[in-house]
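Thank you all for making time this morning. I would like to walk you through one model, going from the chain as a whole to a few particular places in it.

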Amino acid sequence: MRRLGGILSLSLAALAACYPGHLPPGDPVGALGFAVRPGAVQHPAPQASSSAYGGRLTLVPAGGCVLGFLRYPDGNGGHIPPTWLGTDGCTRLVLDQVPNQVPEQAAFAVVAAVPGPDGSLIGLGPWFSRRDRSGAVVRLFQPGSGWWARALVRAGRNLVGVGVRDNPGGKAQPVAWVSGDEGRTAHEIELPRDRPAYWEPHAIAAEGDRVLVAGSAGSGARVWASEDAGETWTVSEVPVRASDVVVTTVLRTGGKWLLAGLSAAGPLIVTGEPGNWQLQDHATLGDGRISGGTLDKAGKPVLVGEYAERDRLGSSRTCSVVWTLDATGWQRGELGCPEDPVSAALRLPDGRVLLASRRDLWIRP
């Protein structure tokens, strides 16, 4: 189970490795109103790069700006993931150095986080944890061994995390952990399955007490829906007729749910409600795979992802792309082919949209 989960959560930057040879990286560029700020993300020391600089950057609102952290490799405590603080009007991310704490005490080792009370952040990784405004991290509830978190959201009065748990015999069970006290305690709920398969949740979103979780298993996709902040669930099929389906993003926009991700056919966007889904034509989106997204100040989706650029000799490199939605439909913008592809998107408190890689930022008013 751990091996399959690790494969599905690998960085899409590995896409270029599917092709022989590698083109040298290029420069980041702006598109669709996004102005690029090259090198605006402080890079760790070279000697730390191989151990402490793996994974995909994730952003969460914090202190009127943003906190960035790397998704912690599930089941592997071999390195301390760095965190970044937004500064200079959220136009730079600088490495967070917590005074008088050893790295293990300051590490926000989570796969997802949400704003908590009093300026804190509540995260879910190997355990629920809280990061206060000083940067100190306190471990909270730990569900136990043999489970791997995938996503976290605040739904009404609860925190709802989802992931998978090993059952006897090596069978994986999709589960939710629901906490009504900011992660100090939580109870586990098994997510229903409508047929046998390795259904693994990947993405989550909420609107009030309504929660939607998306997962996949090879050529199929499923959603789990809750109307009571994660206490009870239903499961239904998403009719996607493609292979290698992975849903990476769930958003609530325009009174509908939006599911986005990737398949063997290309970028995947599905909108609607459980039992009534509409699949976006791949041809209107171009090449690539969607890895994340957010909503802009008008409530319109902004999606980010990658594609492999290849030359006639078969060499390749990973390039970044952004998709936005306007009155005429989906618009695609090329963000260049920098050393680190874009992997995170977030709407800032002032309404700007921030895109980030592990080296560069893109900002749109």
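I will begin with the overall figures and the confidence, then take the strands, the disulfides and finally two glycines.

What you have in front of you is a predicted model, and everything I say about it should be heard with that in mind. The mean pLDDT of the protein chain is 86, with 85% of its residues reaching 70 or more. There are two stretches I would ask you to set aside when you look at the picture. Over residues 1–20 the pLDDT stays under 50, and the model has 41 contacts beyond four places in sequence for that stretch. Residues 47–52 also stay under 50, and for these the model has 8 contacts beyond four places in sequence. Where pLDDT is low, the predicted coordinates should not be read in detail, and I will therefore not interpret those contacts.

As for the chain as a whole, the secondary structure comes to 3 helices and 28 strands. Of the 365 residues in the protein chain, 53% are buried. The accessible surface comes to about 15400 Å², and carbon and sulfur atoms account for 51% of that surface. If we take the contacts between residues at least 6 apart in sequence, 50% of them join residues that are at least 24 apart.

Let me turn to the strands, starting with a hairpin. Strand β2, residues 57–62, and strand β3, residues 65–70, run antiparallel and are joined by 6 bridges. Within that pairing, Pro61 stands opposite Val66 in β3. The two strands of the hairpin have 2 residues between them, and in the turn Gly63 has a positive phi of about 55 degrees.

Further along the chain there is an open sheet of 4 strands, in the order β10-β11-β12-β13, with antiparallel pairing. Which strands stand at the edges of this sheet? They are β10, residues 147–155, and β13, residues 187–190, and because each has a single partner strand, one side of each is left without a neighbour in the sheet. Neighbouring strands here are turned against each other by 25 degrees on average, with direction ignored. At the β13 edge, strand β12, residues 172–179, is joined to β13 by 4 bridges, and the two run antiparallel. One of the pairs to look for is Val175, whose bridge partner in β13 is Glu190.

Now to the cysteines. The structure holds 2 disulfides, and if the bonded cysteines are numbered in sequence order the pairing reads 1-2, 3-4. One disulfide joins Cys65 to Cys90, with an S to S distance of 1.9 Å. This pair links distant parts of the chain, since Cys65 lies in strand β3 and Cys90 in the loop between β4 (83–87) and β5 (92–95), 25 residues apart. Are these two cysteines buried or exposed? Cys65 has a relative accessibility of 11% and so counts as buried, while Cys90, with a relative accessible area of 5%, is buried too.

The other disulfide is formed by Cys319 and Cys337, whose sulfur atoms are 2.0 Å apart. Here again distant parts of the chain are linked, with Cys319 in strand β24 (residues 316–326) and Cys337 in the loop between β25 (329–334) and β26 (344–347), 18 residues apart. The link is right-handed, with 90 degrees about the S-S bond, and both Cys319 and Cys337 are buried.

I will finish with two glycines. Gly119 is placed in the loop between β6 (112–115) and β7 (121–124). With a relative accessible area of 40%, Gly119 is partly exposed. From Gly119 to Ser134 the distance is 9.6 Å, C-alpha to C-alpha, and the two are 15 residues apart in sequence.

Gly266, in turn, lies in strand β20, residues 266–273, and at 9% relative accessibility Gly266 counts as buried. Which residues does Gly266 touch, not counting those up to four places away in sequence? Gly266 touches His282 and Gly288. Its C-alpha distance to Val245 is 9.6 Å, across a sequence separation of 21 residues.

That is where I will stop, and I am happy to return to any of these places on the screen.

Methods
Residues are numbered from 1 along each chain as its sequence is written. This is a predicted model: local features need pLDDT of at least 70, side-chain atom pairs count only at pLDDT 80 or more; totals for chains, interfaces and linings use all residues. Side-chain values use heavy atoms; hydrogens and water are left out. Two strands pair if DSSP finds at least two bridges between them. Axes are lines fitted to C-alpha atoms, for helices over the stretch in contact, and angles run from 0 to 180 degrees between N-to-C directions. Buried means under 20% relative accessible area, exposed over 50%, partly exposed in between (1.4 Å probe, protein chains only). A disulfide is a pair of cysteine sulfur atoms within 2.5 Å. pLDDT is the predictor's confidence in each residue, from 0 to 100. Contact means heavy atoms within 4.5 Å. Accessible areas come from the Shrake-Rupley method with a 1.4 Å probe; for residues, only the protein chains shown count as cover.
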